[in-house]
Amino acid sequence: MSQIFRPRRHARYTLGLARSLLKSIIIMSIIAVMNLATVDLNLLVAFEALMEERHVTRAAERIGLAQPSMSSALRRLRALFADELFLRAGAGMQPTERALALAGPIGEALRQIRGALAPDRGFDPATARRRITIAATDYGDLVLVPELTRLLRMEAPGIDLAVRPLTDPTVALAKLERGELDAVIGGHLPETPRCIRHRLFEERFVCIRDGARASRSERLSLEDYAGLPHALFSAAGGDGLPSVIDALLARLGLKRRLAVTLAHVVAVPFAVAGTDLIATLSERVARRFTHLADIAVVAPPIEIPAFAIDLIHTSRAADDPALRWFLDAVDRCAGRLRH
């Protein structure tokens, strides 16, 4: 098992007690306003499925209910909590603020109940049935998720993986803390004292050019690099704001021209192929496209700082064997990419 799951003595133990106490207080506060005689635990299971699936039919299928039975459970949940909980939004359901506030405590209560009912049951990934929801950047989708998908299909075919787009790291981490996500994977993620961070590997930058205009042995000069028209990937929606590369060039008295700014990294290699454009991309992403687009990977003429790809999760993994296994699976996939 990876080092991310090894408990630290004293400080971590005290922190774990504090967290457990806080969660218990929240759960008791919710229960205190209910008539326990009217509470069916199956309703909480239905709530959990609705929160994770955001769709009545899929939630029903997940816990083995007919769609009318799930609709009935939703009506009873609304009456129990005196709130709509889930509102129609397009083809799915959007949780209300009340539902979002309940998600963490209800999820924690169900985890504790499941653990108490089956304390000695071992986790077998080969037979397990579970849905894991993560948020990942375009980088994670291209580099890590394919490896992870292959591993899941081989070792845990009953575990379903849902990958949400990671467009706003602050929002994603808030969802992680509320229990709406099981993990977040990406680079340049902000610090959060309430979550656990594990460094998967580091990534460096390379340049890509049209394969007919450059060779793999080409050495770019600073002047060539600054003088060529650039294609830029901007996850912020193509705003073209100055990056660390522009800052490095500015220190040398140089400035590049951003001829094309693209909102999706997968579009960059195809924009470069067959043109005079140059682009600077993370190496593992760039090499994914060398057989799909006629591009050549060349070294940049300036030293661009590498960046870390991190896995972030919460302390819920300590009480969730399936999630612990999944996080270790992510780390194993990352280990293959480190070499």
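A residue counts as buried when its relative accessible area is under 20%. Phe289 has 5% relative accessibility, so Phe289 is buried. This structure is a predicted model. The briefing below covers its nonpolar cores, its aromatic pairs and one buried threonine.

**Nonpolar cores**

- The largest nonpolar core holds 45 residues. Leu200, Ile208 and Phe326 have the most contacts inside it.
- Helix H13, residues 321-338, gives this core its largest share, which is nine residues.
- Another core lies apart from that one and has 24 residues. Leu50, Val56, Ala60 and Ala99 are among them.
- Ile208 also has contacts further along the sequence, beyond its neighbours within four places. Its partners there include Val268, Pro269 and Val272. Leu277, Ile278, Ala279 and Leu281 are among them too. Ala286, Ile295, Ala296 and Val297 also belong to the list.

**Aromatic pairs**

- The whole structure contains seven aromatic pairs.
- One of them joins Phe205 and Phe307. The ring centres are 5.4 Å apart, and the planes meet at 45°, a tilted pair.
- Phe205 sits in strand S7 (residues 205-210) and Phe307 in strand S12 (residues 307-313). The pair therefore ties together parts that lie 102 residues apart in sequence.
- Phe307 has a relative accessibility of 11%, so Phe307 counts as buried.
- Phe270 and Phe289 form an edge-to-face pair, because their planes stand at 90°. Their ring centres are 5.8 Å apart.
- This pair links distant parts of the chain, 19 residues apart. Phe270 belongs to helix H11 (residues 267-272). Phe289 is in the loop between helix H12 (283-288) and strand S11 (295-298).
- The two partners are not alike in exposure: Phe270 is partly exposed, at 46% relative accessible area, whereas Phe289 is buried, at 5%.

**An aromatic cluster and a charge**

- Tyr139, Phe201, Phe205 and Phe307 make up one aromatic cluster.
- Arg284 lies over the face of Phe201, 4.4 Å from the ring centre.

**A buried threonine**

- Thr192 is in the loop between strand S5 (183-187) and strand S6 (196-203).
- Its relative accessible area is 12%, so Thr192 is buried.
- Leaving out residues up to four places away in sequence, Thr192 touches Leu173, Glu177, Arg197 and Ile312.

Methods: Residues numbered from 1 in each chain as written. Predicted model: local features only at pLDDT ≥ 70, side-chain atom pairs only at ≥ 80, totals over all residues. Heavy atoms only, no water. Core = buried A, V, L, I, M, F, W, Y, C linked by side-chain atoms within 4.5 Å. Buried < 20%, exposed > 50% of the residue type's maximum accessible area, 1.4 Å probe, protein only. Helix = DSSP H or I, 4+ residues; strand = E, 2+ residues; numbered from the N terminus. Contact = heavy atoms within 4.5 Å. Phe/Tyr/Trp six-rings, centres within 6.5 Å; stacked < 30°, edge-to-face > 60°. Lys NZ or Arg CZ within 6 Å of the ring centre and 35° of its normal.
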